[in-house]
Amino acid sequence: MKKTREDRREFYRKLFALVLPLALQNLMTALVSASDALMLGLLDQSSLSSVSLATQVQFVLNLFYAALTIGATVLAAQYWGKGDREAMERVLAITLKGSAGISAAFFLAAFFCPQALMQIFTDDRELILLGIPYLRIVSWSYLFMGVSQIYLCIMKNSGRTLRSTLYGSSAVVLNLILNTLLIFGFLGFPKMEIAGAALATTISRAVELGLVLLENTKKDQVRIRMKYLCEGSAVLRRDFVRYTSPVMANELVWGCGFTMFSVIMGHLGSDAVAANSIANIVKNVIACMCLGIGTGSGILVGNELGRGELDRAREYGGRLCRISIAAGAVSGVVLLICSPLVQLLAASLSAQAHEYLRVMLLICAYYMIGKAVNSTVVAGIFCAGGDTKFGFLCDAVTMWAIIVPIGMLAAFVWKLPVLVVYFLLNLDEFVKLPAVYRHYKKYRWVRNLTKE
């Protein structure tokens with residue numbers, strides 16, 4: 001009994017040491033989007049709507065980063081549990097080469113073809129024209145993120161979670177300050193409005209990269225090494241591709257489906273776009289703890305699997321599932337409590353947009369439980385043991401065989417009310433829960449993936 005209590009205390013100590021910094025970093029990142037929306041919303045509704053659509057480009061880019069970091073975590077968490085630092089540095093080098101190419105492609109598209117990208121999300125000419133300068137300026141931040149996001153991921157997997165959070169949060173605080181100065185022109189700065197929001201993001205990402213490169217100069221830790229960038233490792237590259245490819249496919253299938261939600265809402269009028277933008281931002285802010293638990297779950301379970309402690313990893317998985325359900329329920333209640341304040345802050349919205357937002361926030365509160373469970377189980381526990389194919393298959397069916405077709409039919413064929421369309425588009429996390437539960441109970445994720 002005493003050993004069991006000690007094991008539980010050790011489990012919660014490890015979990016909170018991971019989750020609290022991760023949740024804080026997620027919160028700080030979400031607050032940047034919130035500040036962009038709220039500050040631009042003080043200018044006018046069109047500025048808010050155009051930037052919310054333009055940031056969908058970075059949302060898609062973040063899907064690639066998410067896939068690369070999850071793929072890196074699959075191997076890094078287990079090799080860190082095993083104590084193999086050289087393997088982690090090789091994994092870091094492999095991941096960086098992939099992220100550099102992807103970041104360059106998005107930079108070129110956003111800098112040279114911003115109008116074409118905006119036309120994907122809306123046919124409103126005013127919103128397109130407002131989004132073009134934002135994309136051109138913010139495109140430079142994509143190059144900086146290609147290095148910083150991958151390095152911060154490896155920091156989380158090598159016992160430097162708190163420091164990673166401090167670096168990421170510092171960049172976020174700088175972004176918030178620069179937003180205030182550059183959007184409105186305070187303290188003698190030029191009033192740049194939408195362009196100011198883009199420039200603030202780019203500068204803060206450059207500073208984040210500088211902090212990461214400074215961290216990389218420190219000895220006796222996992223860091224970027226030129227020799228591994230040049231020579232690579234055939235075995236680790238093969239494992240990385242094996243576990244990352246399904247995650248990449250999964251992120252693209254889910255993310256492009258989620259982007260289709262914005263496309264559908266973007267064609268239902270400016271009021272629907274504005275309300276949907278704020279609802280998504282609030283949802284992302286409130287979900288920070290759930291996402292932190294999901295990321296922490298992958299690292300925690302992966303460490304135990306890498307040590308060969310398969311029974312303990314399985315026990316941890318069960319605890320984390322129960323914790324995720326509770327976290328989702330609490331997050332939903334918090335969202336409901338905060339709804340009146342959100343309505344008050346969104347003062348610039350039209351009366352119709354306000355009504356849309358009120359109901360959307362209620363829908364988002366129920367969405368939280370499904371989001372919390374799937375983030376922990378699919379993106380965390382399953383990936384910790386290399387079980388990355390299930391998420392791809394599950395999201396492919398859920399998004400593209402069920403949710404997106406129903407959403408498009410509801411919006412463009414059946415001409416259902418905006419709020420009904422929004423409700424249908426937010427059923428994805430619940431539709432896949434039965435399949436996730438059945439797959440979890442098969443325990444195919446309980447595997448040690450490390451090699452000598």
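**How the labels are earned**

Trainee: Why is Cys113 called partly exposed?

Mentor: Cys113 has 40% relative accessibility. Buried means under 20% relative accessible area, exposed means over 50%, and partly exposed is what lies in between, using a 1.4 Å probe and protein chains only. So 40% puts Cys113 in the middle class. Bear in mind that this is a predicted model, where local features need pLDDT of at least 70 and side-chain atom pairs count only at pLDDT 80 or more, while totals for chains, interfaces and linings use all residues. Residues are numbered from 1 along each chain as its sequence is written, and side-chain values use heavy atoms, with hydrogens and water left out.

Trainee: How many disulfides does the structure hold, and how do you know that Cys153 is in none?

Mentor: The count is 0. A disulfide is a pair of cysteine sulfur atoms within 2.5 Å. For Cys153, the nearest cysteine sulfur belongs to Cys383 and is 12 Å away, so the pair fails that cut-off.

Trainee: And is Cys153 buried or exposed?

Mentor: Buried, because its relative accessibility is 6%.

Trainee: What makes helix 2 largely enclosed by the rest of the structure?

Mentor: Helix 2 covers residues 45–54, and 10 of the 10 are buried. Among them are Gln45, Leu48, Val51 and Ala54. As for the word helix, it stands for a DSSP run of H or I with at least four residues, numbered from the N terminus.

Trainee: Why do the buried residues of helix 5 line one face of the helix?

Mentor: In helix 5 (residues 114–121), the buried ones are Pro114, Leu117, Met118 and Phe121. Seen down the helix axis, they fall within an arc of 95°, so they line one face. The arc is taken over the directions from the helix axis to the C-beta atoms. An α-helix has 3.6 residues a turn, so residues three or four places apart point the same way. The cover over the buried residues of helix 5 includes helix 2, helix 3 (56–82), helix 4 (85–112), helix 6 and helix 10.

Trainee: Which residues is Ser141 in contact with, leaving aside its neighbours within four places in sequence?

Mentor: Gln58, Thr201, Thr202 and Arg205. Contact means heavy atoms within 4.5 Å. Ser141 lies in helix 6 (residues 125–157) and counts as buried because its relative accessible area is 0%.

Trainee: Why is Asp311 called exposed?

Mentor: Asp311 has 67% relative accessibility, so it clears the exposed cut-off. It is found in helix 13 (residues 310–345).

Trainee: How many cavities of 30 Å³ or more does the structure hold, and what makes a space a cavity?

Mentor: There are 3. On a 1 Å grid over the protein atoms alone, a cavity is a set of points where a 1.4 Å probe fits but cannot get out, and lining residues have an atom within 4 Å of a point. Grid points are joined across faces, edges and corners, and the volume is the space filled by probe spheres set on the points. The second largest cavity has about 80 Å³. Helix 10 gives the most to its lining, with 4 residues.

Trainee: What is unusual to look at in Lys415?

Mentor: Lys415 has a positive phi of about 55° although it is not a glycine. It sits in the loop between helix 15 (389–413) and helix 16, and it counts as exposed because its relative accessible area is 61%.

How values were computed: Helix = DSSP H or I, 4+ residues; strand = E, 2+ residues; numbered from the N terminus. 1 Å grid on protein atoms, 1.4 Å probe; cavity = no way out; pocket = protein on both sides within 12 Å on 5 of 7 lines; lining within 4 Å.
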